Amino acid sequence: MTKDECKQVVLDIIADIAPDEDLTQVKPDVRLRDQLELDSMDFLDIVMELRKRHGIEVPEAEYQKLASLDSCAEYLTPKFNAVSAKQ
Amino acid sequence: MPLPRIVITGVGLTAPNGDNLDAFRRNLLAGVAGISRIEVRYMGLLLAGVCHYDPLKYQKKKEVRVGTRAGSISIYCAREALQDAGLDAATIVKDRTGIYIGCTEHGNVETENEIFNISKFNYDTKYWSHYHNPRTVANNAAGETSLNLGITGPAYTIGAACAAGNLGLIHAAQMLRLGEVDLALCGGVSESIHTFGIFAGFKSQNALATHDDPAKASRPFDLARNGIVVSEGGCLYTLERLEDALSRGAKIYGEIGGYCVNSDASDYVLPNPVRQAECVRKAVAHAGLQPRDIHIVNTHATATPLGDIQECEAIRAVFGEGCPDTYINNTKGFIGHCMGAAGALELAGNLPAFDDLTVHPSINVDNLDPKCALPGLVLNQPRRVPRVDAILNNSFGMLGINSTLIVRRFVP
């Protein structure tokens, strides 16, 4: 998985948990909470959906790595690739 | 010192056969039922009353996703009631407004959903939703409504089984009389059709209706009745003290006349006609009336073989003689049993009778059970009557809770 593909996976999850938001203009280097109406429960949703849909665990101490799309891609892409490698 | 008079100034509702009072009433007078078949988890196609309001009229998609059906129904009804009352949700005094919502049960829907969800993950509870607790707390429906409207006064639910809709109104009237709030949003809601447990429970009790034609499935008082049709729904009212309503020139649907809530203290599920009759008598007395002064009695009868007979026994004991102008009806033939919403919805269906002097019928009575043959029973066709000055609404629930609420024609 590339980092761009990883960003799209995260955006697909956000589209489901924040269905009122326009995601076409999300800036990858800006904190998601600064440009979208996302609260702490929504971030728990992102964590849950990563777990359910993709088998990826994000420990609580590392939640801050989901702050922006760029940081998500940086942090999650190796995890996605590790999961793929196991399958 | 006389207690402040409390009046109804707005109605917001969603029923299986109408999403506002006009449509609901029109269908009650036209004999249009709202029962259909739905797929119920583990059980297959079952009869149920489904509401068709648009949740997105007053909620964002995210609110619908995060919240519950009970919360969504409450928000819709509350917003509709405020609008009907001519009150602007943006300018009502938020900390002087109370939300009092009757519920039969709450939390079963979400709990069942989560158990089903984790069943797909080998029952690993790390897949259990973090929304489970806010969705299942007993005050959920009222809390979601306070969030949606920004109301900061008291907002809570009242658990009273199927008597809960009346309890919402009664409790609101009490809080207004105590001066705790200046405006109340009150009534009852139900999301019960989304839990298989309620269907399975009634089925195990041999109390779940079956019929080839969904529109004919709910048939209180009919000899061939065979149980309850479970429905969802909601009905919330705006209640105000009379002086407040008059000072703003509000439309007044009627005045809270009297009420009673009592308990059977006799069985978990079986009704007790002695206590029901006592509840009705006490409500009539609380209103300062005699039984003959009541012109419409809306029964709770749910179409169970025994329950209908027992309520009729209670009604007969109070209104059986000397009440030539008392007419009796039932709303569940149209909408099934809306559980926590039943009392509030069924009252709403009768309120327009103050203006049109018409009693909506009990439908689906092809062969009246002789044990339910009450004088004044209005069957299958609406009945025009000389006067409607007081409507009495019965709602009873499991564990033996009885409620009777009387609404009087408003006379300044």
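What radius of gyration does chain B have, and what would a compact globule of 412 residues have? Chain B has 20 Å, which agrees with the value near 22 Å for a compact globule of 412 residues. The radius is taken over C-alpha atoms, and the globule rule is 2.2 Å times the number of residues to the power 0.38.

A word on the model before going further. This is a predicted model, in which local features need pLDDT of at least 70 and side-chain atom pairs count only at pLDDT 80 or more, while totals for chains, interfaces and linings use all residues. Residues are numbered from 1 along each chain as its sequence is written, and chains are lettered from A and ligands numbered from 1 in the order in which they are written.

**Chain B overall**

Along the principal axes, the C-alpha atoms of chain B fill a box of roughly 65 × 50 × 40 Å. Of its 412 residues, 57% are buried (20 or more other C-beta atoms within 10 Å of the residue's own, with C-beta atoms placed from the backbone). Among contacts (C-beta atoms within 7 Å) with a separation of 6 or more, 80% join residues 24 or more positions apart. Chain B has 14 helices and 15 strands, which are DSSP runs of H or I with at least four residues and of E with at least two, numbered from the N terminus.

**Two open sheets**

Strands of a sheet pair through backbone hydrogen bonds, either parallel or antiparallel. Here, two strands pair if DSSP finds at least two bridges between them.

| Sheet in chain B | Strand order | Pairing |
|---|---|---|
| 10 strands | E5-E4-E6-E8-E1-E9-E15-E14-E10-E11 | mixed |
| three strands | E2-E3-E7 | mixed |

In the sheet of 10 strands, the edges are strand E5 (155-159) and strand E11 (327-330) of chain B, each pairing on one side only. Neighbouring strands of this sheet are turned by 25° against each other on average, direction ignored; the axes are lines fitted to C-alpha atoms. Within it, E14 (residues 390-397) and E15 (residues 401-408) of chain B are antiparallel and share eight bridges. There, B:Asn393 stands opposite B:Leu405 in E15(B).

In the sheet of three strands, E2 (35-40) and E7 (230-231) of chain B each have a single partner strand, so one side of each is left without a neighbour in the sheet. Strand E3 (residues 44-49) of chain B runs parallel to E7(B), joined by two bridges, and B:Gly49 stands opposite B:Ser231 in E7(B).

Conventions. Buried ≥ 20, exposed ≤ 12 C-beta atoms within 10 Å, placed from the backbone. Contact = placed C-beta atoms within 7 Å. Axes fitted to C-alpha atoms, helices over the stretch in contact; angles between N-to-C directions.
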